[in-house]
Structures are given as C-alpha cells and as structure tokens.
Amino acid sequence: MDSPAHLGSPTGIPGLDARARTLAWLAGLLLLAALIPALSVVQTRWFAVGTYYGHGPLIPLVSGWLIWRERAVLRSLPRQRGRLGLLPCLAGTALLILAALAGVSSLQLGAGILLLLGASLLLFGSGIFSRL
C-alpha cells in the first residue's frame, strides 16, 4: 500500500511549497492565456469541414490517457526538480514572444510544447520526464 509521502501533493506538483505551487499555477495560467490566439486557430482547423486535422482533438485526450495509464510507475519514480528545464522554458518563452510578434500561430504552438516540456522537466525532474 502506498504511503502518504509516496502519493505526492494533492495539487499534482510534488516537492513544492505553497508559494512555489501558487507560482507554478500562475505561470501555467499565463501560458494558457498567451496561447489562446494560437489555440483558437487550431480549434478552427480541427473542426473545419474537409481538412486533415479532424483527429486533432483526440491528441490531448489520448496523451492524457497514456500518462494516466502509467500513473503507478510515475508515482514510484524519484521526484526531484531539474534545473535543466529552465533552458527549454527560456527558449520557449523567446519563441513564443517572437512568434506572437510575427503572428505565426504554428510557431506559437511549438513554443507552447517547448514550454510544457521544460516545465515538466523543471517540476518533476529527469526520472519522470523521461517516462512521459
């Protein structure tokens, strides 16, 4: 049976104090707000008639299911924050700003993916990141 220390924090961000959790949630909300214009373009493409993007809404759902399916393994891995995650976060932030200024939604989404990967590495460390 899992011990309470093994289960992680209720917010899903283990090893962070309340202030750091709040900052992580705020950063995530800011990222989502910055990506809304690009996500609206993607949503239009996903649901347009006669396009090849009809499978698009399934990608985040299947990704989430695959992660959920591996939750027992992910919980058993050591949890440490990885400072190496700052590099993709900084690169993703720069790319997001440049893509927003240029109005290129596909690059904005690429920056969002880079930021998501960097944040995962930063918050959870290389053990969990490599399993994702």
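Display the whole chain with its surface: about 9200 Å² is exposed, and carbon and sulfur atoms supply 72% of that area. The model is a predicted one, which should be kept in mind at each stop.

Next, switch to a cartoon view and colour by secondary structure. The chain contains 6 helices and 0 strands, and its elements read α-α-α-α-α-α from the N terminus on.

Now colour the residues by accessibility. Of the 132 residues in the chain, 21% are buried. Contacts may be shown in the same view: among those between residues at least 6 apart in sequence, 65% join residues at least 24 apart.

Select residues 105–131, which form helix α6. Two residues of this helix are the next stops.

Begin with S105, which lies in helix α6. S105 has a relative accessibility of 13% and therefore counts as buried, the cut-off being under 20%. With neighbours within four places in sequence set aside, select the contacts of S105: A38, V41 and R45.

Move on to Q108, also located in helix α6. Is Q108 buried or exposed? Its relative accessible area is 7%, so Q108 is buried. To see what surrounds this residue, select L35, A38, L96, A99 and A100; Q108 touches each of these, residues up to four places away in sequence not being counted.

Finally, select A38 together with both helix residues. A38 is among the contacts of S105, and A38 is also touched by Q108.

Key. Residues numbered from 1 in each chain as written. Predicted model: local features only at pLDDT ≥ 70, side-chain atom pairs only at ≥ 80, totals over all residues. Heavy atoms only, no water. Helix = DSSP H or I, 4+ residues; strand = E, 2+ residues; numbered from the N terminus. Buried < 20%, exposed > 50% of the residue type's maximum accessible area, 1.4 Å probe, protein only. Contact = heavy atoms within 4.5 Å. Areas by Shrake-Rupley, 256 points an atom, 1.4 Å probe, with all protein chains shown as cover.
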